[in-house]
Amino acid sequence: MTSAVLQSRNGNEPARPGFRHLYIIDAVTLFALMAAITVVRFGFGWPTYPRSHYFIGFGIATVLHMTVCYFGGFYEYEQRLGHRPWLPRAMLLTFMAVGGDATVTLLTGRYLMPRGNLVVLAVAASVLISFNRWAARRVRLRRFGKPWMLLVGTNDDIDSAKQHLGDNERDAVIAGSLTDGPDVWSGICAEAERIGATDLLLLSGQPLEEIYPEPLGELELRGIGVYRRVTAADTLLGLQRSRQIGGMPFVALREHALPLCRLRFKRLLDLAYLTLSAPVVLPLAASVAAYVRARVGRGVLYRQERVGRGGVPFMLLKFRTMARDAERNGPVLAGENDPRVVSGMRWLRRTRLDELPQLWNVLTGSMSIVGPRPERPQIVARLEREIPGYGRRHDVPPGITGLAQTQGHYQTDPGYKLGHDLQYVVNWSPVLDWEIMAKSLVVMARRNAR
């Protein structure tokens, strides 16, 4: 099959240009909508302020709405099959943005637009943003063609799926099918490329261990969407998100769980937390540093290589609590009553105050306040060999504290810790971070009380 044919069937647009265009389309149409609402209400004789005042207000409100939409995931790449409805999400994000407009007014005393406009804008902007995405989807379909699907499952499931897809999924093409079996996964990437498939549908409830981490990672690199049909047994897991493809429920499988917009939102929150806590943290860190200097002498900070987001190494900082030659015979995991700890420093380790310098790692972006704890490269290499999918914990920056630290123990098996870490990655939200930070304070207080 020629590369031209494959390109015509590939709707994954590696550069994602259409989603960049949506920034411009949303900005122009939102600004125009705010102006149109004002003209409909007041004609061209706008009340109280000159037009330049309102134009500036419309611009501020447009930026605010687009920022909320960005962090809400409205500019992330959308898989082509069974997309989730846009309007409910658009309404939620628009109401949040309108609340932001009102907050700006309360804080500054400046009306971004006449107050009555906010009510109309809350509804009209939701419809407008949803329409923009519907239109972009139609343009995408016309430009790149229909998705080409490769079906994988038992013969009965494939026959049933073909009937459902033929009746209900007219904007997609069945490119081929593979009967489920022990050898199907070794050649599935080559088969998908041979027939020019853009999407892979798993129909028979195949165990996830058969596709994760490979060939799911390879399929994702090739821009091929992977979907697994939701079976009756899957409902026991409490799945909250599914999509309809040909009248059948599916979940989209992705090797990387947290999109870039949410990672950037998490980073923004980290910087806000650092700013708010600085008046308390900076004097505390200075006091602890002076205490460490008096106890261990020069070399207050201890640097150690750890593995960060994307598997990239970085230098983790801690206050030194062990003797300088503590690792003269190579890296050794610290024990509960480790004799290498300098006298008078155990309470620092017990209260985790020795980890205060890691706030600098957070400031520079190599760490987050909450996330999976970073490990040494040697340990990561070993665990990646022993535990399939271990590298997925590196989808987010490592944290000073994490779900595994509040739910597990120091001796908890790494495989179980990975379960906590991946649960955090998949379910991340600001509220979850707040819960973990609060639990971390409780855990520290309990350890200090022993």
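**Exercise 1. Work out the strand order of the open sheet and find its edges.**

Step 1: Six strands make up this open sheet, with mixed pairing, and the order reads β2-β1-β3-β4-β6-β5. Strands here are DSSP E runs of at least two residues, and helices are H or I runs of at least four, numbered from the N terminus. Two strands pair if DSSP finds at least two bridges between them.

Step 2: The edges are β2 (173-179) and β5 (243-245), since each pairs on one side only.

Step 3: Now zoom in on β1 (residues 148-153) and β3 (residues 199-202): they run parallel, joined by four bridges. One bridge to look for is M149 with D199 in β3.

A word on the model: it is predicted, so local features need pLDDT of at least 70 and side-chain atom pairs pLDDT 80 or more, while totals for chains, interfaces and linings use all residues. Residues count from 1 along each chain as its sequence is written, and side-chain values use heavy atoms, leaving out hydrogens and water.

**Exercise 2. Decide whether F95 and S130 are buried, partly exposed or exposed.**

Step 1: Recall the cut-offs: buried is under 20% relative accessible area, exposed is over 50%, and partly exposed is in between (1.4 Å probe, protein chains only).

Step 2: F95 lies in helix α4. Its relative accessible area is 45%, so F95 is partly exposed.

Step 3: S130 sits in helix α5. At 11% relative accessibility, S130 is buried.

Step 4: Who touches S130? Setting aside neighbours within four places in sequence, S130 contacts W86, L87 and A90, where contact means heavy atoms within 4.5 Å.
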